[in-house]
Amino acid sequence: MLRAALSATILAVAALAGLAAPALTAPAHAATAQATSTQAARLPADNVGQIAHGLLGSRLYVTTDSGANLSSADQQQIKSALDGDQDADIRAVVVRNDVSGPQVGQMLKAVANRVGKGQTYVAITADGTRMGGISKKLDTGEINQLVTRTDGSPLKQRLIQFGNLAEKKVDDKAQSGAVVGYVVIGVLIVIAAAVVSVVLVARRRRRERHARQMADLKRGVQEDVTLLGEDIARLDLNVMDPDLDPDTRGDYERAMNSYDKAKAATERAEKPQDMQAVTTALEDGRYYMTATRARLAGEPVPERRPPCFFNPQHGPSVQDVTWAPPGGVARSVPACAADARAVLAGHDPDVRMVPYGDARRPYWDAGPAYAPYAGGYYYGYGGFDMLSGLLLGTALGSMMGGGFGWGGGYYGDGFGGDGFGGGDGGFGGDGGDVGGGWDFGSGDFGGGGDWGGNDFGGF
């Protein structure tokens, strides 16, 4: 009896539990179905790689989650219009309406870096109300102006209109830059012509000055050559005389040959350096003429010494004397007998005065053209090394001491890359920033690490 009552009670409880179960689980099934329906309604977002890949061969990319109401014909019309904007070189991305400026800026720069071509990148919301971009050809202010001028137009018309305006703006800037370039080139041409004119005038004046110096030098050297010829002629020797001493005949012939050599070298001379050969020959001729005269007088042949410093026309020196030029430093110089006596007696020596314009000056004070002249006279006695000491304190000595050489020194002339991301016209800096008020987050575009900045033009 008791067992039958217990069984009946259990069956009643079980029946009640079976009835309650559907009522408890029904709401859970409904929530799951609703979540599934919402998730299916939300489309997956495109990442930077997908957008960049799509823009490699197209001027327009419409993101999957944008919800843009653009037919295939509309998209083709936009692409054709943007294809015609070759100078602005635009690539456009249509995005969903709730995106923000920072995210758009990062996305555009990342896409531009990956595509690697194109000059202007723009993003526009599916409803056409917000727009922004980056450009190598347009700065942030110019993009903002174009965005403002196209504001209020539907999506398709706004993209086409933006492309037309951007193309015109780029062309206008190019023309303006060309005008500026032509002006700059013109100014540079004028400056270059002025510089060339100055150089040519300076060169002409330098050549005229050198020509005058050469004329003075040649006149002075010809005086030395003529004087040597007259002194030799005064010896009046008959070299054919069988009674003439062979040594005397030999010295006399050597003096005559040196004179002929000096005369010929003077006629050939075209520049100061050529005079070194002339005065070297004159020094030889002066010594052999002096030796000939000594032999004829029955006197010992004189020692071969450097020419008289004061006047090389005097022939070989006989001794060294201490002398100082006016305002200069005293030094030991070779002198002939007459000049040595004058200096030792406190008198002025007989100085070689050479032509200098309309006047005459000591040869050591007549300019750099006389450096080879002096060098030839002392060529066999140390040349420049000896002269630098002898001429110390003189004008010619100062030039020699400063490295002047009569061998040619003074008269030697014969009388960001193209990538996106800052600098160098890349997407970055002022000209590449994405400006405006599109406050965009990071979201589903991804890859924001190397986009460089969040400001962009528009929005």
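**Cysteines, aromatic rings and two unusual backbone angles**

Cys336 is buried, as its relative accessible area is 8%. In this predicted model, Cys336 takes part in no disulfide, and the nearest cysteine sulfur belongs to Cys308, 3.8 Å away. Cys308, with a relative accessibility of 0%, is likewise counted as buried. A disulfide calls for two cysteine sulfur atoms within 2.5 Å, and the 3.8 Å between Cys308 and the sulfur of Cys336 leaves Cys308 in no disulfide. For the structure, the count of disulfides comes to zero.

Aromatic rings offer a good next stop for a newcomer. Searching the whole structure yields 11 aromatic pairs. In one of them, the ring centres of Phe309 and Phe310 lie 5.7 Å apart with their planes at 75°, so this pair is edge-to-face. Phe309 has a relative accessible area of 0% and is therefore buried; Phe310, with a value of 0%, is buried too. Another edge-to-face pair is made by Tyr370 and Tyr373, because their planes stand at 80° with the ring centres 5.4 Å apart. Tyr370 counts as buried at 1% relative accessibility, and Tyr373 is buried with a relative accessible area of 0%.

These two pairs also belong to a wider picture. Phe309, Phe310, Tyr370 and Tyr373 are among the members of one aromatic cluster, which also includes Trp323, Tyr363, Trp364 and Tyr377. A further aromatic residue, Tyr288, has a charged partner: the charged end of Arg304 sits over the ring of Tyr288, 5.5 Å from the ring centre.

The backbone holds some points of interest as well. Most residues other than glycine have a negative phi. Asp89, however, has a positive phi, near 50°. Asp89 is located in the loop that runs between helix H3 (72-83) and strand E2 (90-95). With a relative accessibility of 14%, Asp89 counts as buried.

A positive phi, near 50°, is also found at Asp236. Asp236 belongs to the loop between helix H6 (155-235) and helix H7 (246-268). Is Asp236 buried or exposed? Its relative accessibility is 67%, so Asp236 counts as exposed. The two aspartates can thus be set side by side: Asp89 is buried, whereas Asp236 is exposed.

Key. Residues are numbered from 1 along each chain as its sequence is written. This is a predicted model: local features need pLDDT of at least 70, side-chain atom pairs count only at pLDDT 80 or more; totals for chains, interfaces and linings use all residues. Side-chain values use heavy atoms; hydrogens and water are left out. Helices (H or I, at least four residues) and strands (E, at least two) are DSSP runs, numbered from the N terminus. Buried means under 20% relative accessible area, exposed over 50%, partly exposed in between (1.4 Å probe, protein chains only). Rings of Phe, Tyr and Trp (its six-membered ring) pair if their centres lie within 6.5 Å; planes under 30 degrees apart count as stacked, over 60 as edge-to-face and the rest as tilted. A charge sits over a ring if NZ of Lys or CZ of Arg is within 6 Å of the ring centre and within 35 degrees of the ring normal.
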